[in-house]
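Could you walk me through this protein step by step? I am new to it and would like to learn what to look for.

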Amino acid sequence: MCWLGQLFDKAECIQAFRIESLLSLLSQEEREQWTPVHDKVIELAGLARHRASADAKMIQDNYAELKGLPRN
């Protein structure tokens, strides 16, 4: 069971949706090109590699801003 399913189980909630990999929407040829294209997009856009802590902080700050709460 994935971590999200475990969260729903612990909260005793029914998970009424399913999460699929984005790769399931791609052809075999597209899947084979995923990594080189991904690296190129990151380089061209000047993006930093995914950092969960930074993403979580951004989501937390956005929520606080929308709710008028102080940001930490």
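The questions and answers below go through the chain, its first helix and a few side-chain contacts.

Student: Before we start, what kind of model is this?
Tutor: Residues are numbered from 1 along each chain as its sequence is written, and side-chain values use heavy atoms, with hydrogens and water left out. Local features need pLDDT of at least 70, side-chain atom pairs count only at pLDDT 80 or more, and totals for chains, interfaces and linings use all residues, since this is a predicted model.

Student: In what order do the elements of the protein chain run from the N terminus?
Tutor: Helices (H or I, at least four residues) and strands (E, at least two) are DSSP runs, numbered from the N terminus. The protein chain has three helices and zero strands. Its order is therefore α-α-α.

Student: What percentage of the residues of the protein chain count as buried?
Tutor: A residue is buried under 20% relative accessible area, exposed over 50%, and partly exposed in between (1.4 Å probe, protein chains only). The chain has 72 residues. The part that counts as buried is 10%.

Student: Why do the buried residues of α1 line one face of the helix?
Tutor: The buried residues in α1 are L4, G5 and F8. On the other side of α1, W3 and K10 are exposed. The arc is taken from the directions from the helix axis to the C-beta atoms. The buried residues line one face because, seen down the axis of α1, they fall within an arc of 100°.

Student: Which residue follows α1 with a positive phi?
Tutor: Most residues other than glycine have a negative phi. Here a residue that is not a glycine has a positive phi of about 55°. The residue sits in the loop between α1 and α2 and is exposed, with a relative accessible area of 75%. Its name is E12.

Student: How many disulfides are there?
Tutor: A disulfide needs a pair of cysteine sulfur atoms within 2.5 Å. As for two cysteines, C2 is partly exposed at 45% relative accessible area, and C13 is partly exposed at 42%. By the distance rule, the count of disulfides is zero.

Student: How far apart are the closest N and O atoms in the salt bridge of E20 with R18?
Tutor: A salt bridge is a side-chain nitrogen of Lys or Arg within 4 Å of a carboxyl oxygen of Asp or Glu, and the count here is one. E20 is partly exposed at 47% relative accessible area, whereas R18 is exposed at 69%. Their closest N and O atoms are 2.9 Å apart.

Student: Is the pair of F8 and F17 stacked or edge-to-face?
Tutor: Rings of Phe, Tyr and Trp (its six-membered ring) pair if their centres lie within 6.5 Å; planes under 30 degrees apart count as stacked, over 60 as edge-to-face and the rest as tilted. The structure holds one aromatic pair. The rings of F8 and F17 have centres 5.6 Å apart and planes at 75°, so the pair is edge-to-face.

Student: What accessible area do L22, L23, L25 and W34 have together?
Tutor: Patches take residues with over 30% relative accessible area and no salt bridge, joining like charges within 9 Å and nonpolar side chains (Val, Leu, Ile, Met, Phe, Trp, Tyr) within 5 Å. Accessible areas come from the Shrake-Rupley method with a 1.4 Å probe, and for residues only the protein chains shown count as cover. L22, in the loop between α1 (3-10) and α2 (28-45), is partly exposed at 47% relative accessibility. Together the four form a nonpolar surface patch of about 400 Å².
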